[in-house]
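Please work through the following exercises with the sequence and the model side by side. Each task is followed by a solution that goes step by step.

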Amino acid sequence: MAVILEKNFPVEAGAFTTAGEASTTIKRTLKQLGVNAEVLRRVSVACYEVELNLVIHSLGGTLTLLVDPGKVTLISKDVGPGIPDIEKAMTEGFSTASAEARTLGFGAGMGLPNMKRNASEFDIQSEVGVGTTITMSFALT
Amino acid sequence: MTIREVVQILDGKVLVGKDRLDEPVDTACGSDLMSDVLAFVKEKAVLITGLINPHVVRTSEMLDITCIVFSRGKMPSEEILDMAEEVGITVISSPLTTYTACGELYLHGLPGTKPKKKPEEV
């Protein structure tokens, strides 16, 4: 289907101060497009979780927002370090987050499971030394 | 329950959102762990927390949380207050501890949020 909107947001590794700014912009953009409150909330939560993951765990990456008439898609693509054991990373409570992330109230090992819970479709691909790509879609109907 | 009642029950001071005190709140959550808040809080909720940093506001914004209570008399920075003002979230400072603040609201009939299903149950 035709893409209505495509926007890319670079996310810097370790940038805790600005973490969440992309999610705020994405939420406002989708609200302006008239996405209903329940879907908007699920997209926002998953988006913030994945943006925090880029800041906390990755070496930097890009968050892409795609909107087409039937769904919203978020793609998080980073340049490493990659996840050695995806199954373990998807387990609630498992975390490799830094002390800094924990001080801010994150790194409880809830992020990936929470993204999966909120998205209509969730896919994660990762290769150590290459990077991780997470694709989430949210049905609009 | 309205935000005005929350302020009265918690002996709170309204730092942001004095014009929104008649808005309703349906539920509440007490946590310093934003990961947990992101995982199960519903809309029109009050968040009671002892954690003070901008991510408390950012987390609340994503979840449509309408009111944040900083417990134990903690005072957030101007940066945090400005962020809350910009996104329309009411901010209260209460002298009560998180535990007591939660207990008082619960006693006055404000229920907690129920955890969502785990991913494997979806």
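**Exercise 1: the fold of chain B**

Task: Describe how the contacts of chain B are spread along its sequence, and then its elements and its dimensions.

Solution: Among contacts in chain B between residues at least 6 apart in sequence, 53% join residues at least 24 apart. This is a predicted model, and the values that follow are computed from it. Turning to the elements, chain B has five helices and five strands, and when they are read from the N terminus on, their order is α-β-β-α-β-α-β-α-β-α. For the dimensions, the C-alpha atoms of chain B fill a box of roughly 40 × 30 × 25 Å along the principal axes. The radius of gyration of chain B is 13 Å, which agrees with the value near 14 Å that a compact globule of 122 residues would have. As a last step, buried residues account for 43% of the 122 residues in chain B.

**Exercise 2: one helix with two sides**

Task: Find which residues of helix H4 (residues 78-87) of chain B are buried, and say which are exposed on the other side of H4(B).

Solution: The buried residues of H4(B) are Ile80(B), Met83(B) and Ala84(B). Seen down the helix axis, these buried residues fall within an arc of 95 degrees, so they line one face of H4(B). They pack against strand S1 (13-16), H3, strand S4 (67-70) and strand S5 (90-93) of chain B. On the other side of H4(B), the exposed residues are Glu78(B), Glu79(B) and Glu86(B). After H4(B) comes Gly88(B), whose phi is positive, near 75 degrees.

**Exercise 3: where the chains touch**

Task: Describe the contact between chain A and chain B, going from the whole contact to one pair of helices.

Solution: Taken as a whole, 21 residues of chain A are in contact with 20 residues of chain B. On the side of chain A that touches chain B, helix H1 (21-32), helix H2 (37-57) and helix H5 (111-118) each supply at least two residues. By class, that side of chain A has seven nonpolar, eight polar and six charged residues.

For the pair of helices, the axes of H2(A) and helix H3 (residues 54-63) of chain B come within 8 Å and cross at roughly 150 degrees. Here Arg41(A), Ser44(A), Val45(A) and Tyr48(A) of H2(A) meet Arg58(B), Met62(B) and Leu63(B) of H3(B). This contact has four nonpolar, one polar and two charged residues.

**Exercise 4: the core**

Task: Identify the residues with the most contacts inside the largest nonpolar core, and then follow Ile68(B) and Leu52(A) to the residues they touch.

Solution: In soluble globular proteins, nonpolar side chains tend to be buried together. In this model the largest nonpolar core has 68 residues, and those with the most contacts inside it are Ala46(A), Val46(B), Leu47(B), Cys67(B), Ile68(B) and Val69(B). H2(A) gives the most to this core, with eleven residues.

Leaving aside neighbours within four places in sequence, Ile68(B) is in contact with Leu47(B), Thr49(B), Val56(B), Ser60(B), Ala84(B), Ile89(B) and Val91(B).

Leu52(A) lies in helix H2 of chain A. A residue counts as buried if 20 or more other C-beta atoms lie within 10 Å of its own, and Leu52(A) is buried because 27 do. Not counting residues up to four places away in sequence, Leu52(A) touches Ala19(A), Phe106(A) and Gly111(A). By contrast, the C-alpha atoms of Leu52(A) and Asn36(A), 16 residues apart along the chain, are separated by 24 Å.

Definitions and conventions. Residues are numbered from 1 along each chain as its sequence is written. Chains are lettered from A and ligands numbered from 1 in the order in which they are written. This is a predicted model: local features need pLDDT of at least 70, side-chain atom pairs count only at pLDDT 80 or more; totals for chains, interfaces and linings use all residues. Two residues are in contact if their C-beta atoms, placed from the backbone, lie within 7 Å. Helices (H or I, at least four residues) and strands (E, at least two) are DSSP runs, numbered from the N terminus. Ala, Val, Leu, Ile, Met, Phe, Trp, Tyr, Cys and Pro count as nonpolar, Asp, Glu, Lys and Arg as charged, and the others, Gly among them, as polar. The radius of gyration is taken over C-alpha atoms; the globule rule is 2.2 Å times the number of residues to the power 0.38. A residue is buried if 20 or more other C-beta atoms lie within 10 Å of its own, exposed if 12 or fewer, and partly exposed in between; C-beta atoms are placed from the backbone. Axes are lines fitted to C-alpha atoms, for helices over the stretch in contact, and angles run from 0 to 180 degrees between N-to-C directions. A nonpolar core is a set of buried Ala, Val, Leu, Ile, Met, Phe, Trp, Tyr and Cys residues joined through C-beta atoms within 7 Å. The arc is that of the directions from the helix axis to the C-beta atoms.
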